[in-house]
Amino acid sequence: MAILPILETPDPRLRTISTPVEAIDDDLQRLIDDMFETMYDAPGIGLAAIQVGVPKRVLVIDLQEPEEEEGEPVKRPMVFINPHILDGSEEITVYNEGCLSVPEQFAEVERPASIRASWMDRDGRIREERIEGLLATCLQHEMDHLEGVLFIDHLSRLKREMLLKKLTKARKAA
Ligand code: NI
């Protein structure tokens, strides 16, 4: 396994529309392992393949939520290959989102609170489930990456420009 470099905005590769996975082979399994290692190392709760420069419709997510208040985060790695959103709730939720490709910047984004999604897991099984809570937010955020969309694209122009200015400042200070 390997930790891969994560592309950061304004890298134009992040604007690529990713193409469907056609075969679940050893190369893909290796990519998935590397994506998990990269995500846990960052650390983050979700990563799309394009964020490590691979324009394929593959996402890894692990919310790493503590089981109980005092508990250690439990690893629950999930793989989404060729995911689709079948429908979204009218109910909207707001979450203070961040992204490994927009490091250390956060902003509130509105999205449907629950979605019905279908995808292929890493064994090639087709799954279909209604998803809600943080997983619904995270999956929608990661699926945006497959279309070349970043969470900052959901903000008003003013908010986006302010956030990008803060990012430039932080980079200069580093
Ligand atoms: Ni992201």
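Student: How many Å apart are the end C-alpha atoms of H2, and what span should its 14 residues give?
Tutor: In this predicted model, the expectation for H2 rests on 1.5 Å a residue, which for 14 residues gives 20 Å. The separation of the end C-alpha atoms agrees with that expectation. The span should be 20 Å, and the end C-alpha atoms are 21 Å apart.

Student: How many of the 14 residues of H2 are buried?
Tutor: A residue counts as buried under 20% relative accessible area. In H2 the buried residues include Leu135, Ala136, Leu139, Met143 and Leu146, and His141 belongs with them at a relative accessible area of 7%. H2 is largely enclosed by the rest of the structure, because the buried residues number twelve of the 14.

Student: Which strands does H2 touch, and what angle does its direction make with that of E2?
Tutor: H2 packs on the sheet, where its partners are E1, E2, E3, strand E6 (114–120) and E7. Helix H1 (residues 26–41), for its part, lies across E1, E2 and E3 and runs at about 40 degrees to E2. For H2, the angle with the direction of E2 is about 150 degrees.

Student: In what order do the five strands of the open sheet stand, and which strands are at the edges?
Tutor: The pairing in this open sheet is antiparallel, and the order is E1-E2-E3-E6-E7. Two strands have a single partner strand each, so one side of each is left without a neighbour in the sheet. Neighbouring strands are turned by 40 degrees against each other on average, direction ignored. The edge strands are E1 (46–48) and E7 (126–132).

Student: How many bridges pair strand E2 with strand E3?
Tutor: Strand E2 (residues 58–61) and strand E3 (residues 78–88) run in the antiparallel sense. Val60 stands opposite Val79, and Val58 stands opposite Ile81. On the E1 side, three bridges join E1 to E2, with Gly46 opposite Ile61. Between E2 and E3, the number of bridges is four.

Student: Which residues of E2 are buried on each of its faces?
Tutor: Both faces of E2 are covered. One side carries Val58 and Val60, all of them buried along with the residues of the other side. On that other side stand Leu59 and Ile61.

Student: Which residues coordinate the nickel ion?
Tutor: The donor residues are spaced C-x41-H-x3-H in sequence. Cys99 lies in strand E4 (residues 92–99) and His141 in helix H2 (residues 133–146), so this pair ties together parts that are 42 residues apart in sequence. The donor atoms stand at 2.1 to 2.3 Å from the nickel ion. The coordinating residues are Cys99 (SG), His141 (NE2) and His145 (NE2).

Student: Why is the sulfur of Cys138 not bonded to that of Cys99, and how many disulfides does the structure hold?
Tutor: A disulfide requires a pair of cysteine sulfur atoms within 2.5 Å. The closest cysteine sulfur to that of Cys138 is in Cys99, at 10.0 Å, which is too far for a bond. Cys99 is buried at 10% relative accessibility, and Cys138 is buried at 6%. The number of disulfides in the structure is zero.

Methods
Residues are numbered from 1 along each chain as its sequence is written. This is a predicted model: local features need pLDDT of at least 70, side-chain atom pairs count only at pLDDT 80 or more; totals for chains, interfaces and linings use all residues. Side-chain values use heavy atoms; hydrogens and water are left out. Buried means under 20% relative accessible area, exposed over 50%, partly exposed in between (1.4 Å probe, protein chains only). Donors are N, O and S atoms within 2.8 Å of the metal (3.2 Å for Na, K and Ca); water is not among the atoms, so sites may look incomplete. Two strands pair if DSSP finds at least two bridges between them. Axes are lines fitted to C-alpha atoms, for helices over the stretch in contact, and angles run from 0 to 180 degrees between N-to-C directions. Contact means heavy atoms within 4.5 Å. The expected span of a helix is 1.5 Å times one less than its number of residues.
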